[in-house]
Amino acid sequence: MKPVSLLDTTLRDGALAEGVSFTPEDKLEILKLLDALEIDYLEAGWPYQFPEDLEVFARARELGLKGKLTVFGSTRRPETPPSRDPNIRAMMRAETEVVHVYGKAWELHVEKVVRTSLEENLRMVRDTVAFFKDQGKEVLFTAEHFFDACRRGRDYPLSVVQAALEAGADLIDLGDSNGSALPSEVKKSTRTVVELAGEVPVGFHGHNDSGLAVANAISAIEAGARHVQGSVGGYGARCGITDFATLLPILKLRMGLEVVSDEALRKLTPITRRIVNKIGVGDLDYHPFVGYKVFAHRTHAHIAAVLSDPESYEPIPPEAVGNERRLLLPGIAQASYLEALASRLGVDLTEDTAANRRIKEELLRLEKEGYTYEDAEASFELVLGKLTGRFRPWIEVERLRLFEVIRGKLQPVVEASLRVKLGGRTEYVAAEGEGPVRTLFMVLKDALLEEEAGLGELAGYVRALSLKAVRVRTFYPRGTRELKARVTITLADGERSFTTIGISGDLIQAVWQALLDGMEYGLYTEAERRNLVLS
């Protein structure tokens with residue numbers, strides 16, 4: 001038995017986050033990803049609030065998931081038998097082995113939100129838990145606003161917990177529903193419930209409104225909790241909830257709790273990134289453990305220290321969570337740093353050969369023009385791949401035209417036309433869009449898809465590519481007075497994101513260079529991954 005069981009509610013609490021929406025297909029795909037992380041309980045929806053979730057539960061039963069599908073809903077309504085309550089009937093239609101029921105533990109909510117008596121609320125808890133137990137269900141009960149209630153007096157919230165225990169709840173979960181509890185409060189109140197519950201495990205569900213959800217989950221576990229609820233990426237109502245992408249490495253690598261296997265933990269970074277990319281809300285740049293920048297080292301002193309012993313500046317080994325170390329070259333002319341980065345890409349630049357000198361000279365020339373790759377490693381890999389012959393050029397631009405036209409009185413439209421050689425064959429395409437960047441992306445993508453025969457099965461990959469981010473800044477290259485634009489473009493293919501860079505005195509040229517490099521990088525590396533040859 002695991003020391004701490006996990007319930008992921010990305011698809012339920014995560015669906016309450018601003019800007020987040022799921023189709024049934026999205027939910028099914030994410031369920032499979034979560035299952036690969038060995039999550040014990042997979043809360044797939046709240047059918048009373050979102051009736052379409054019933055379709056998800058029906059289809060999810062065919063996925064062969066190892067985690068337990070769990071449906072979510074509230075206690076019965078005041079003065080309503082469970083069998084006639086529409087919420088409970090919707091939960092039953094999900095046909096899951098596990099039900100997750102929440103009930104009010106704070107007098108304020110009972111009297112002012114539910115608008116019933118404290119005694120009736122206790123009956124609602126008992127009746128609902130007992131009803132589901134009579135139906136043969138495993139019942140997880142969350143005492144909502146438990147810590148808010150304890151701050152004002154423990155008697156009533158503990159009576160709610162006692163009611164659920166007496167009715168046969170299989171797990172008591174304590175909710176920091178406003179995200180306002182402090183770790184010391186969580187530890188104290190959790191310890192009390194652990195003693196009250198005896199053999200029944202106690203869990204924690206924390207919101208992050210005060211930035212303490214992960215810390216509070218750890219405090220609950222230290223106080224004896226054996227269950228945690230959260231979401232991969234921290235998605236949830238308002239500021240989100242306990243983030244499993246942060247919590248799992250701490251539990252396993254820092255606290256020694258075998259919540260998931262080593263193999264599952266190594267999948268954490270790629271799975272988190274796929275979920276975040278699928279949802280389309282949130283930024284992984286600075287995310288602990290799975291972020292793009294968490295294992296990035298920039299100064300000479302930090303890089304030298306990490307090359308000597310990674311523990312000097314890293315909380316855990318990046319490979320343990322499927323992430324990677326990034327050495328951000330403060331100047332790619334620094335030989336030792338350049339050689340270390342190139343070695344990660346399979347290129348040995350340590351020998352003093354004519355070929356290596358040519359590569360270093362070209363990289364030095366690019367650096368003088370302002371190229372730094374700390375936030376655009378895909379461009380560095382592309383440059384190095386072309387210099388070493390790893391990437392065979394397949395895209396050759398012959399002519400690009402971009403112009404803005406006005407339709408009607410006030411409707412600006414950007415039009416682009418592109419003549420390009422793809423594998424020696426010439427294609428000519430045109431596109432229009434709302435702005436220059438997106439129009440350039442569309443015309444390049446359309447040109448590639450015109451040569452579907454040459455792309456082969458990579459045509460589907462090109463269709464899936466999307467434009468995720470554009471960043472622009474201006475600068476003066478070292479020793480010059482010529483103002484230039486530095487543009488980074490981030491593309492995503494559904495499984496990964498990658499960033500390329502363009503630099504020019506003309507903003508559009510810089511954008512085009514970054515877009516072209518991004519498309520080439522994605523195409524070439526995906527062809528390598530699939531062991532294909534572009535024809």
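**A Walk through the Predicted Chain**

Thr96 is placed in the loop that runs between helix α3 (86-93) and strand β4 (98-104). This is a predicted model, and Thr96 serves here as the point of entry. Although it belongs to a loop, Thr96 counts as buried, because its relative accessibility is 5% and the limit for a buried residue is under 20%. The side chain of Thr96 reaches the backbone oxygen of Val98 at a distance of 2.7 Å. Apart from residues up to four places away in sequence, Thr96 touches Phe57, Leu69, Thr70, Val71 and Lys137.

From this loop the view may widen to the protein chain as a whole. The chain has 535 residues, and 54% of them are buried. Its secondary structure consists of 20 helices and 16 strands. Along the principal axes, the C-alpha trace spans about 80 × 60 × 45 Å. Among contacts in the chain with a separation of 6 or more, 66% are between residues 24 or more positions apart.

The surface and the charges complete this general description. The accessible surface of the protein chain amounts to about 23,500 Å², and carbon and sulfur atoms account for 48% of that area. The chain carries 68 positive and 80 negative charges, and the mean positions of these two sets are 2 Å apart.

The interior can be considered next. The largest nonpolar core comprises 88 residues, and the residues with the most contacts inside it are Leu31, Phe141, Phe146 and Ile172. Helix α7, made up of residues 155-166, gives the most to this core, with seven residues. A second core of 42 residues is separate from it and includes Leu440, Leu455, Tyr461 and Trp512.

Leu31 deserves a closer view. With its neighbours within four places in sequence left aside, Leu31 is in contact with Leu11, Leu42, Ala44, Val56, Ala60, Leu65 and Leu69. Leu69 appears here among the contacts of Leu31, and Leu69 is also one of the residues that Thr96 touches.

Further along the chain, Val429 lies in strand β13, which covers residues 425-433. Val429 is buried, because its relative accessible area is 7%. Neighbours within four places in sequence aside, the contacts of Val429 are Ala416, Ser417, Leu418, Val443, Asp446, Ala447 and Glu450. A comparison with Ile275 gives a sense of distance: Val429 and Ile275 are 154 residues apart in sequence, and their C-alpha atoms are 34 Å apart in space.

Two helical residues conclude the tour. Asn356 is placed in helix α15, residues 354-368. With a relative accessible area of 8%, Asn356 is buried. Beyond its neighbours within four places in sequence, Asn356 is in contact with Asp348, Leu349, Thr350 and Glu351.

Ala305, in turn, belongs to helix α13, residues 300-308. Ala305 counts as partly exposed, because its relative accessibility is 21%, whereas buried means under 20% and exposed means over 50%. Residues up to four places away in sequence not being counted, Ala305 touches Ser312 and Tyr313.

Definitions and conventions: Residues are numbered from 1 along each chain as its sequence is written. This is a predicted model: local features need pLDDT of at least 70, side-chain atom pairs count only at pLDDT 80 or more; totals for chains, interfaces and linings use all residues. Side-chain values use heavy atoms; hydrogens and water are left out. Helices (H or I, at least four residues) and strands (E, at least two) are DSSP runs, numbered from the N terminus. Buried means under 20% relative accessible area, exposed over 50%, partly exposed in between (1.4 Å probe, protein chains only). Contact means heavy atoms within 4.5 Å. Accessible areas come from the Shrake-Rupley method with a 1.4 Å probe; for residues, only the protein chains shown count as cover. Lys and Arg count as positive and Asp and Glu as negative; His and the chain ends are not counted. The place of a charge is taken as NZ of Lys, CZ of Arg, CG of Asp or CD of Glu. A polar contact is a pair of N or O atoms within 3.5 Å; within protein, one must be able to donate a hydrogen and the other to accept it, and residues adjacent in sequence count only if both atoms are side-chain atoms. A nonpolar core is a set of buried Ala, Val, Leu, Ile, Met, Phe, Trp, Tyr and Cys residues joined through side-chain atoms within 4.5 Å.
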